[in-house]
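Here's a quick tour of a sheet, a couple of ligand sites and one residue in the core. Have a look at the model first, then read on.

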Amino acid sequence: MLSILALSALAATALAGSSATLGDGYCDANACITAVRSGGTDTWSIAPVTPIPHDNFGWIAIGFGKNMPNSPMVIMWPNADDTFTLSQREANAHAPPNVTDAPPRHATLDSTHSFSNASATGFTFTLPSSEETAFPIIFAYSGINPNSTSSTAPIRKHTWTGHANITLTALDEETGGEKPKPSCKPKKKRRSMASL
Ligand SMILES: *[C@@H]1O[C@H](CO)[C@@H](O)[C@H](O)[C@H]1NC(C)=O
Ligand SMILES: *[C@@H]1O[C@H](CO)[C@@H](O)[C@H](O)[C@H]1NC(C)=O
Ligand SMILES: *[C@@H]1O[C@H](CO)[C@@H](O)[C@H](O)[C@H]1NC(C)=O
Ligand SMILES: *[C@@H]1O[C@H](CO)[C@@H](O)[C@H](O)[C@H]1NC(C)=O
């Protein structure tokens, strides 16, 4: 039994290195995040649970690590001219992060799957896959837009933050060519679960 498990774990690892599509999703009361790993590229999406229209949207970020200090962060915001800005930053403390000129993994905004309009805003970006399939992330949102398209624009402090543990596992490929998305629904509050 153990050896079968070990073998299937090995097979899963081998597949992860080649063609299998892996993914995970996480939601808390504030944000929904999905991650899909395929062909050496990780695709991340983040959007507020309560939709925030273009004119009210500040910035949103995902960071790779347990806490803000020393976690490479990908920060994104919509601009008045309907473009999006992506900025990679890192902080050595709970302080305004510095722009990283040479981030460990270069992130690219996926403008086809990012949107900001009169009803909602959400972002998608890609970056090269890491070696890990289980790792912690942080995320944050600020209601104050930097009002600049520059990736080095100063940003204001977050309004809310969150943490998650992401575990990338094989996704159902039965989707007729469409890229599979991990299912991601806001977690019910413990209180409302208990009252059921
Ligand atoms: C930003 O970089 C400067 C220069 O390296 C450093 O002194 C400062 O501590 C950094 N700030 C953060 C928040 O990491
Ligand atoms: C805003 O964009 C989302 C995602 O593409 C779309 O579902 C929604 O209909 C759009 N809303 C408006 C008002 O354009
Ligand atoms: C950007 O403009 C909005 C609307 O005028 C304002 O509320 C916000 O504080 C500005 N952001 C910064 C960083 O000044
Ligand atoms: C992530 O996992 C660590 C270690 O198992 C745990 O301490 C932490 O509470 C978890 N974080 C979340 C947001 O679930």
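A residue counts as near a molecule if its C-beta atom, placed from the backbone, lies within 6 Å of it. With that in hand, and bearing in mind that this is a predicted model, let's start with the ligands.

**Two ligand shells**

Which residues sit around ligand 4? They are Pro-136, His-163, Ala-164 and Asn-165. Strand S12 supplies the largest share of this shell, three residues. Ligand 1 has its own set of neighbours: Ala-91, Asn-92, Ala-93, Ala-95, Pro-97 and Asn-98. As for chemistry, the shell of ligand 4 splits into two nonpolar and two polar residues, with no charged ones. Around ligand 1 the split is four nonpolar and two polar, again with no charged residue.

**The sheet**

S12 also turns up in an open sheet of six strands, ordered S7-S6-S5-S4-S11-S12, with antiparallel pairing. The edges are strand S7 (98-99) and strand S12 (160-167), each of which pairs on one side only. Here are three of the pairings, with the strands and their bridges:

| Strand pair | Bridges | Sense |
|---|---|---|
| S6 (residues 84-90) and S7 | two bridges | antiparallel |
| S4 (residues 59-64) and S11 (residues 134-142) | six bridges | antiparallel |
| S11 and S12 | eight bridges | antiparallel |

If you'd like to find these pairings by eye, a few residues help. Arg-89 has Val-99 in S7 as its bridge partner. Over at S4 and S11, Trp-59 is bridged to Ser-142 in S11. And for S12, look for Trp-160, which stands opposite Tyr-141.

**Phe-123**

Now move to strand S10 (residues 121-128), which is where Phe-123 belongs. Is Phe-123 buried or exposed? Phe-123 is buried, because 27 other C-beta atoms lie within 10 Å, and 20 or more is enough to count as buried.

So what does Phe-123 touch, leaving aside neighbours within four places in sequence? Its contacts are Ser-45, Ile-46, Ile-60, Met-76 and Ser-114. Take Ser-45 as one of these: Phe-123 and Ser-45 are 78 residues apart along the chain, yet their C-alpha atoms are separated by 5.5 Å. Another of the contacts, Ile-60, brings us back to the sheet, as strand S4 covers residues 59-64.

Definitions and conventions
Residues are numbered from 1 along each chain as its sequence is written. Chains are lettered from A and ligands numbered from 1 in the order in which they are written. This is a predicted model: local features need pLDDT of at least 70, side-chain atom pairs count only at pLDDT 80 or more; totals for chains, interfaces and linings use all residues. Two strands pair if DSSP finds at least two bridges between them. Helices (H or I, at least four residues) and strands (E, at least two) are DSSP runs, numbered from the N terminus. Ala, Val, Leu, Ile, Met, Phe, Trp, Tyr, Cys and Pro count as nonpolar, Asp, Glu, Lys and Arg as charged, and the others, Gly among them, as polar. A residue is buried if 20 or more other C-beta atoms lie within 10 Å of its own, exposed if 12 or fewer, and partly exposed in between; C-beta atoms are placed from the backbone. Two residues are in contact if their C-beta atoms, placed from the backbone, lie within 7 Å.
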